[in-house]
Amino acid sequence: MKVLMFSAYDQPDKFQTRTFDNAKELVRLGHEVTVFTNSYCHFSKTERLNSHENYRLEKIEGVKTIWMKTPSYKGNGLSRGVNMLFNFLHSIRLSRKLINECDVVLGTSSPPLTSIAAYIISKIYRAAYIHEIRDVWPDSLVLLGSISTFNPIYIFFKFIEKFTFKRATKISTVVPFVFDHIEENGGNREDVSYIPTGISFDNLEEPIQHITQESEFKVLYIGGFAKVHDISSIIEASEILQAQNIKAFKFTLIGYGEKKKYYENLVKEKQDRNIEFLPSIEKHQVITTAREADLLIHSIVDTPLTKWGSNPTKLYDYM
């Protein structure tokens, strides 16, 4: 089969690799796979293409990869919305320019316009359309208190969600308890498959070396620093150990996120020398870096979001 996969954030050698990991496995099974993704990395805030390039076609481990030029952005404001729009427009334009035929088109739900582009392309080529749920947008934004159900952004994204649920040939989800939600919003639960994020052992690199004493007990967290990540409990655990004069534990927190600077400043105020913050590492470095630890932490706050389950990629890598 000829398969097209559309993503905005996934990159083969960076921080989120699900699309490419799945694509490589499909290639190994004998299928021809092309991945469309943004040239601007959502995580590292770096641009892959040169200033004169609108797109680039290259083959990465058997996967045809089309890097689409998209504008940079910071935060969740207008500039990110423009980036989403560019992803949508370029996905349609470049697929028509570079692809002659296909059998299956997959689009991820984050951002929602990416999956709408995949649907349009599936209609152009009369191919099967797969909608992949990464996040339950836009209801998750409401449960986090970011927007209300009366917000025009919510209404727009809710329309897209229902549209994709109704028209998808099949629906793939990384969260396990979303079947009722899909059915309540126009989808058919019989067409839904729960496919959690897997682990790729390809291209494992040597771990990043941290300078530690032999007597230290190494506690490691690798992941995000957003509202849903319970970094406060990790900091509190270190405080408790310090209060009991237990100095053997060394906490290393690796990753990125909107609240990372806040936590770094909090630790400085508390003068907690048992906690260090390090920059994000690339996906292929996670497992080998985790091997250096004595204890691995996965922390998450108790929010209504957990009713759909979660997709803690760090937990799979830890295990």
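This report describes strand pairing, aromatic ring pairs and enclosed spaces in a predicted model.

## The sheet of strands 9 to 12

Strands of a sheet pair through backbone hydrogen bonds, in either a parallel or an antiparallel sense. In this model, four strands make up an open sheet whose order is 11-10-9-12, and the pairing is parallel. Strand 11 (275-278) and strand 12 (295-296) stand at the edges with a single partner strand each, so one side of each has no neighbour in the sheet.

Strand 9 (residues 217-224) is mostly covered, with six of its eight residues buried. Eight bridges join strand 9 to strand 10 in a parallel arrangement, and within this pairing Gly 223 has Gly 255 of strand 10 as its bridge partner. Between these two strands the chain passes through helix 7 (residues 231-243), and the resulting β-α-β crossover is right-handed. Towards strand 12, strand 9 is joined by two bridges, again with the strands running parallel, and here Val 219 is the bridge partner of Leu 295 in strand 12. Strand 10 (residues 249-256) in turn pairs with strand 11 in the parallel sense over four bridges, where Phe 251 is matched with Ile 275 of strand 11.

## Strands 6, 7 and 8

Elsewhere in the chain, strand 6 (residues 128-133) and strand 7 (residues 170-173) run parallel and are joined by four bridges, with Ile 130 standing opposite Lys 170 of strand 7. Strand 7 also pairs with strand 8 (residues 192-194), in the parallel sense and over three bridges, and in this pairing Ser 172 has Ser 193 of strand 8 as its bridge partner. The path from strand 7 to strand 8 leads through helix 6 (residues 179-184), and this β-α-β crossover is right-handed.

## The second largest pocket

Rolling a probe the size of a water molecule over the atoms shows where empty space is left. The second largest pocket holds about 300 Å³ of space. It is lined by 17 residues, of which Leu 26, Leu 106, Ile 130, Ser 172 and Ile 195 are the closest to its centre. Two of these residues also appear in the strand pairing described above: Ile 130 stands opposite Lys 170, and Ser 172 is bridged to Ser 193.

At least two lining residues come from each of strand 1 (2-6), helix 1 (18-28), strand 5 (104-108), strand 6 and strand 7. Sorted by class, the lining of this pocket consists of nine nonpolar, four polar and four charged residues.

## The second largest cavity

The structure contains two cavities of 30 Å³ or more, and the second largest cavity encloses about 100 Å³ of space. Its lining is made up of 13 residues, with Ser 109, His 131, Asp 135, Trp 137 and Glu 161 lying nearest the centre.

Helix 3, strand 6 and helix 5 each supply at least two residues of this lining, and helix 5 gives the most, with four residues. By class, the lining of the second largest cavity has six nonpolar, five polar and two charged residues. Strand 6 thus appears in two linings, as it supplies at least two residues to the second largest pocket and at least two to the second largest cavity.

## Aromatic ring pairs

The model has 13 aromatic pairs. In one of them, the ring centres of Tyr 119 and Phe 163 lie 5.1 Å apart with their planes at 90°, and the pair is therefore edge-to-face, a class that calls for planes over 60 degrees apart. This pair links distant parts of the chain, since Tyr 119 belongs to helix 3 (residues 112-124) and Phe 163 to helix 5 (residues 152-167), 44 residues apart. Both Tyr 119 and Phe 163 are buried, and ring pairs join them with Tyr 129 and Phe 159 into a cluster.

A further pair is formed by Phe 156 and Phe 157, whose ring centres are 5.6 Å apart and whose planes meet at 40°, so that this pair is tilted. The two rings belong to residues with unlike exposure: Phe 156 is partly exposed, with a relative accessible area of 42%, whereas Phe 157 is buried, because its relative accessible area of 10% falls under the 20% limit.

How values were computed
Residues are numbered from 1 along each chain as its sequence is written. This is a predicted model: local features need pLDDT of at least 70, side-chain atom pairs count only at pLDDT 80 or more; totals for chains, interfaces and linings use all residues. Side-chain values use heavy atoms; hydrogens and water are left out. Two strands pair if DSSP finds at least two bridges between them. A crossover is right-handed if, with the strands pointing away from the viewer, the path from the first strand over the helix to the second runs clockwise. On a 1 Å grid over the protein atoms alone, a cavity is a set of points where a 1.4 Å probe fits but cannot get out, and a pocket is an open set with protein on both sides within 12 Å along at least five of seven lines; lining residues have an atom within 4 Å of a point. Grid points are joined across faces, edges and corners, and a volume is the space filled by probe spheres set on the points. Ala, Val, Leu, Ile, Met, Phe, Trp, Tyr, Cys and Pro count as nonpolar, Asp, Glu, Lys and Arg as charged, and the others, Gly among them, as polar. Rings of Phe, Tyr and Trp (its six-membered ring) pair if their centres lie within 6.5 Å; planes under 30 degrees apart count as stacked, over 60 as edge-to-face and the rest as tilted. Buried means under 20% relative accessible area, exposed over 50%, partly exposed in between (1.4 Å probe, protein chains only).
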